[in-house]
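The following paragraphs are intended for a reader who meets this structure for the first time. Please keep the sequence and the model in view while reading.

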Amino acid sequence: MSIGWNILGIIAWLAIVLYLVFIVQNIRKRHLMMIVRDRKRFEWKTTFVDAIEVFIFLAATSGMIFLTFFSQPVLEDNTLITSEVEYQPLILSTNSHKSYYVTANSDKGMRPVQTYNFYSNGSRYTVKSTYATISDGTDPKNIASNVIPFSTKALKNADKEYQKAYVAIYTATYKKNWYNGLALHSGRQATKYYLIRVPDRTFVKEVTH
C-alpha cells in the first residue's frame, strides 16, 4: 500500500489512540481531584464530562472502523472507483478424451465452492467461483456476472474477436483522493473479477472432489 493520501487515515488512527490515552489520564485526574480535594465519591458534573469524552472516542472509533473495514462503494461510483477490463484469449488444453478451455473443480464440503483453472497469455490461472463465473450462453453476460458493470457491447465485440474463447478480467481500484485515504484504501485494489467465456459447456472439464 502506497502512503500518499493514506497518511490521512494513519493520522486519524494515531489521533484516536492519543485521544484514548488523554481521556484515561484526564478521567483519572478529575476523579482523584474529586475525591481528594472535594471529598466526594460522585459528582454529576464530573460524570457528565466523562460521558462526553467517552462518547466522542466511541463515535470517532466507530466511524474509522466502518471506513477502514466495512465501507464498500458502488463499483460504478466514479468519484471513488476507477476500473478497467482486460480481454485475454483462452488457450485450449487437450487430453486423451477431449479438448477444453477450463477445468471446473467442485468441492462438496461444508462450504461448497468451485475453482476454475485455465490458461491464457502463457500463464495458468486458478480462481474461485466467488470472484469468477463461466459464461457459455448466447449472451456473454450471465446472471452471476451482472454484479460487475461489464459492457455488453464490449463483450459482444470480444465474442467476435476471440470466437467466444476468452477471459474478461475486471479490475477496480480505489482512486487516490482524501476520502479513500481516510479509509486507508487510496490506490488499493477494490476487487478483481473473471468472466470466463467459452463457446459452449463441452469446453469445460468438470472435476468433483
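How far apart are the end C-alpha atoms of helix H2, and what span should its 27 residues have at 1.5 Å a residue? In this predicted model, helix H2 covers residues 44–70, and its end C-alpha atoms lie 37 Å apart. At 1.5 Å a residue the helix should span 39 Å, so the two values agree. Helix H1 can be treated in a similar way: its 30 residues reach 43 Å from the first C-alpha to the last, close to the 44 Å expected.

The next matter is how these helices meet their surroundings. An α-helix has 3.6 residues a turn, so residues three or four places apart point the same way. In H2, the buried residues are Thr46, Asp50, Glu53, Phe57, Thr61, Met64, Leu67 and Thr68. These buried residues pack against helix H1, which comprises residues 7–36, and against helix H4, residues 178–182. H1 in turn has Gly9, Ala12, Ile16, Ile23, Asn26, Arg30 and Met34 as buried residues, and they pack against H2 and H4.

From the helices the description passes to the strands. Strand E8, residues 166–174, has eight of its nine residues buried, so this strand is largely enclosed by the rest of the structure. Which strands pair with E8 in the antiparallel sense? One is strand E1, residues 81–91, which is paired with E8 over nine bridges. Within E8, Tyr174 stands opposite Ile81. Another partner is strand E9, residues 189–197, which runs antiparallel to E8 and is joined to it by eight bridges. Here Ile169 stands opposite Tyr194 of E9.

The nonpolar interior may now be considered. The largest nonpolar core contains 17 residues, and those with the most contacts inside it are Leu90, Val102, Tyr116, Phe118, Tyr194 and Ile196. Two or more residues of this core come from each of strands E4 (102–107), E5 (113–120), E6 (123–128), E7 (132–135), E8 and E9. Tyr116 illustrates how such a residue is surrounded: leaving out residues up to four places away in sequence, Tyr116 touches Val102, Thr103, Ala104, Tyr125, Thr126, Val127, Ser129, Ala132, Thr133, Ile134 and Ile196. Another core, of 15 residues, lies apart from the largest one; Leu75, Leu80, Ile81 and Ala168 are among its members.

Ala132, one of the residues touched by Tyr116, belongs to strand E7. Is Ala132 buried or exposed? Its relative accessible area is 3%, and Ala132 is therefore buried. Apart from neighbours within four places in sequence, Ala132 is in contact with Tyr116, Val127, Tyr193 and Tyr194. Ala132 and Val167 are 35 residues apart in sequence, and their C-alpha atoms are 9.8 Å apart in space.

Empty space also deserves attention. Rolling a probe the size of a water molecule over the atoms shows where such space is left. The largest pocket has a volume of about 360 Å³. It is lined by 18 residues, of which Gln72, Leu75, Tyr174, Ala190 and Thr191 are the closest to its centre. H2 and E9 each supply at least two residues of this lining, and E9 gives the most, with four residues.

Tyr174 appears again among the contacts of His185, a residue in the loop between H4 and E9. With a relative accessibility of 6%, His185 counts as buried, because buried means under 20%. Residues up to four places away in sequence aside, His185 touches Asn6, Leu67, Thr68, Ser71, Tyr174 and Asn180. Of these, Leu67 and Thr68 are buried residues of H2.

The loop between H4 and E9 also holds Leu184. Leu184 has a positive phi of about 65° although it is not a glycine, and with a relative accessible area of 15% it is buried. Asn121 likewise has a positive phi, near 55°, and is a residue other than glycine. Where is Asn121 placed? Asn121 is in the loop between E5 and E6. At 52% relative accessibility, Asn121 counts as exposed, whereas Leu184 is buried.

Conventions:
Residues numbered from 1 in each chain as written. Predicted model: local features only at pLDDT ≥ 70, side-chain atom pairs only at ≥ 80, totals over all residues. Heavy atoms only, no water. Expected span 1.5 Å × (residues − 1). Buried < 20%, exposed > 50% of the residue type's maximum accessible area, 1.4 Å probe, protein only. Contact = heavy atoms within 4.5 Å. Pairing = 2+ DSSP bridges. Core = buried A, V, L, I, M, F, W, Y, C linked by side-chain atoms within 4.5 Å. 1 Å grid on protein atoms, 1.4 Å probe; cavity = no way out; pocket = protein on both sides within 12 Å on 5 of 7 lines; lining within 4 Å. Points joined across faces, edges and corners; volume = space filled by probe spheres on them.
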